[in-house]
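These are my notes from going through one model, entry by entry. I looked up strands, cores, one helix, charged pairs and cysteines.

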Amino acid sequence: MTDQSLSKAQARRIALRAQGFLPQRRSLKRVDKRHLDGVLEQVSLLQIDSVNVLDRAHYLTLFARLGAYDKATVDRHLHGVSKSGAQKGYFEYWGHEASLLPVSLYPALAWRMERARQHQGVWGKLSRYAKENPDVIASVLEEIGVRGPLCVSDLERRGSRSGSWWGWNDSKIALEFLFWCGHIVAAGRQNFTRYYDLPERVLPAAILGQPALDTHEAHRQLMAMAARSHGIGSEKCLRDYFRLSTEDARQALDSLLEEGVVEPVEVEGWQGPLYRHKDAGLPARATCQALLAPFDSLVWYRDRVEALFDFRYRIEIYVPKEKRQYGYYVLPFLMGDRLVARLDLKANRQEAILEVFAAHGEKGIDKGKVADALATELALMAGWMGLEAIRVGADGDLSGSLGEAVSRL
């Protein structure tokens, strides 16, 4: 037995607070740099994904916590392309998949860059191309050094490839390998196109001047950040946050237990061992209301979502249409401290309509109450995205109630 025993509802509130949902910030009149930094301080990193059927994943992750903010603020603060690293507060790298991270984490991820240089932890075909074409890798790096910041279309090599490379050309493959190795970094984005440059021209000198952390200390710091951003979780939850190996993560977790950074905890109905961060707070209640992108950090680790929220969630983007259960781009709906529904959404920009292709509710919910809350949330999202109307399809057991609620807006 441990010194702490919690109900699953208490564990959910701890997790929601750690993930930036409590207290709610969505009534802010204006979101500025301080609010963005506040969210990043809590979640530690934002996953970036190219799927744009609704909106980019990191925009949606911020919307779930901040409400209707000006995306131009995010673009300036997180994506601005500049040759001067003096004000660069964030960088892109492999955190939990492709991610935006605070520059303070750069020394803690240098081990991953070094392993990539040794062709470890890199996609196999990417590594093989780099081994077989060192001249292309060297020439792309030289061109970035002379002309950067550059995007892939600025480079001269055009040899397209098919199959698993999604049509990537030689320049794109070389850029991705150099990026993984840390020889180049993302200087910023324009219209979601990534621009690359040398680290010394992008990142603050104070960050680049810090020695790389040894592997154990780096994993200790990353696991500590994962524990703080989760609030509570299993070892698998924590190591999945930065996609760490089992052996490295377990050694780091042992150190955190010895230091008292995390402590054992039991949660009713959630199989352990489980750990709670020493600073994790327990709110008295949860008044959350948010649609969660498939790449939101609250729902990254699907086994955790099922254990903590009793909600089985799988992304079906890569599932053939006829085999999908809930839809293509499905967002869980967080209401209070529960995931109560899921919606298949699309931004129909041509008609300026937020499409709800399907709406499914969980068992035992009050459909009228959930539908009313969802209608309010969809109206907020549509306005934020510059869409003029909401159209609810007939698929799903919640669609009828939702359609009626939307019609009353």
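Entry 1, a strand residue. I take strands as DSSP runs of E, at least two residues long, numbered from the N terminus. The model is predicted, and I kept to local features with pLDDT of at least 70. With that rule I placed H360 in strand β13, residues 353-361. Is H360 buried or exposed? The cut-off for buried is under 20% relative accessible area, and H360 has 14%, so I wrote it down as buried. I then listed its contacts, leaving out neighbours within four places in sequence: Q325, Y326, A341, R342, D395, G396, D397 and L398.

Entry 2, the nonpolar cores. I looked up the largest nonpolar core and found 115 residues in it. Which residues have the most contacts inside that core? They are L54, F242 and Y329. Helix α14, residues 367-385, supplies the largest share of this core, ten residues. I also noted a second, separate core of 30 residues, with A15, A280, A286 and V299 among them. As background I wrote that in soluble globular proteins nonpolar side chains tend to be buried together.

Entry 3, Y329 and D55. I went through the contacts of Y329, not counting residues up to four places away in sequence. Among them are V51, V53, L54, D55 and L60. The list for Y329 also includes A293, P294, F295, I317, L343, D344 and L345. I followed D55 from there. D55 sits in the loop between β2 (46-47) and α3 (57-66), and at 4% relative accessibility D55 counts as buried. On the same terms of sequence separation, D55 touches L60, K71, Y329, R349, W384 and M385. I checked the C-alpha atoms of D55 and M385: they are separated by 8.4 Å, with the two positions 330 residues apart along the chain.

Entry 4, helix α12. I compared the length of α12 (residues 246-259) with what its 14 residues should give. At 1.5 Å a residue the expected span is 20 Å, and the end C-alpha atoms are 20 Å apart, so the two agree. The buried residues of α12 are D248, A249, A252, L253, S255 and L256. Why do I say they line one face? Seen down the axis of α12, the buried residues fall within an arc of 160°, so they line one face of the helix. E247 and E258 are exposed, on the face turned away from the buried side. I listed what the buried residues of α12 pack against: α5 (110-117), α10 (215-230), α11 (235-241), β8 (262-267) and β9 (270-277). Just after α12, I noted that G260 takes a positive phi of about 80°.

Entry 5, salt bridges. How many salt bridges does a search of the whole structure find? It finds 31. In general, side chains of opposite charge can pair when their charged atoms come close. I wrote out three of the pairs.

- D310 and K8 meet at 3.2 Å, N to O. D310 is in the loop between α13 (302-309) and β11 (330-336), and K8 is in helix α1 (residues 8-18), so the pair links parts of the chain 302 residues apart. D310 is partly exposed at 45% relative accessible area, whereas K8 counts as buried at 14%.
- R147 and E143 meet at 2.5 Å, N to O. Both lie in helix α7 (residues 134-147), four residues apart, about one turn of the helix. R147 is partly exposed at 38%, and E143 counts as buried at 14%.
- K172 and E176 have their closest N and O atoms 2.8 Å apart. Both lie in helix α8 (residues 170-181), four residues apart, about one turn. E176 counts as buried at 5%.

I followed the last pair further and found K172 and E176 linked with E92, R189 and R194 in a network of salt bridges.

Entry 6, cysteines. How many disulfides are there, taking cysteine sulfur atoms within 2.5 Å as the rule? The count comes to zero. I looked up two cysteines for their exposure: C151 is buried, with a relative accessible area of 3%, and C181 is buried, with 1%.

Terms used:
Residues numbered from 1 in each chain as written. Heavy atoms only, no water. Core = buried A, V, L, I, M, F, W, Y, C linked by side-chain atoms within 4.5 Å. Buried < 20%, exposed > 50% of the residue type's maximum accessible area, 1.4 Å probe, protein only. Contact = heavy atoms within 4.5 Å. Expected span 1.5 Å × (residues − 1). Arc of directions from axis to C-beta. Salt bridge = Lys/Arg side-chain N within 4 Å of Asp/Glu carboxyl O. Disulfide = S-S within 2.5 Å.
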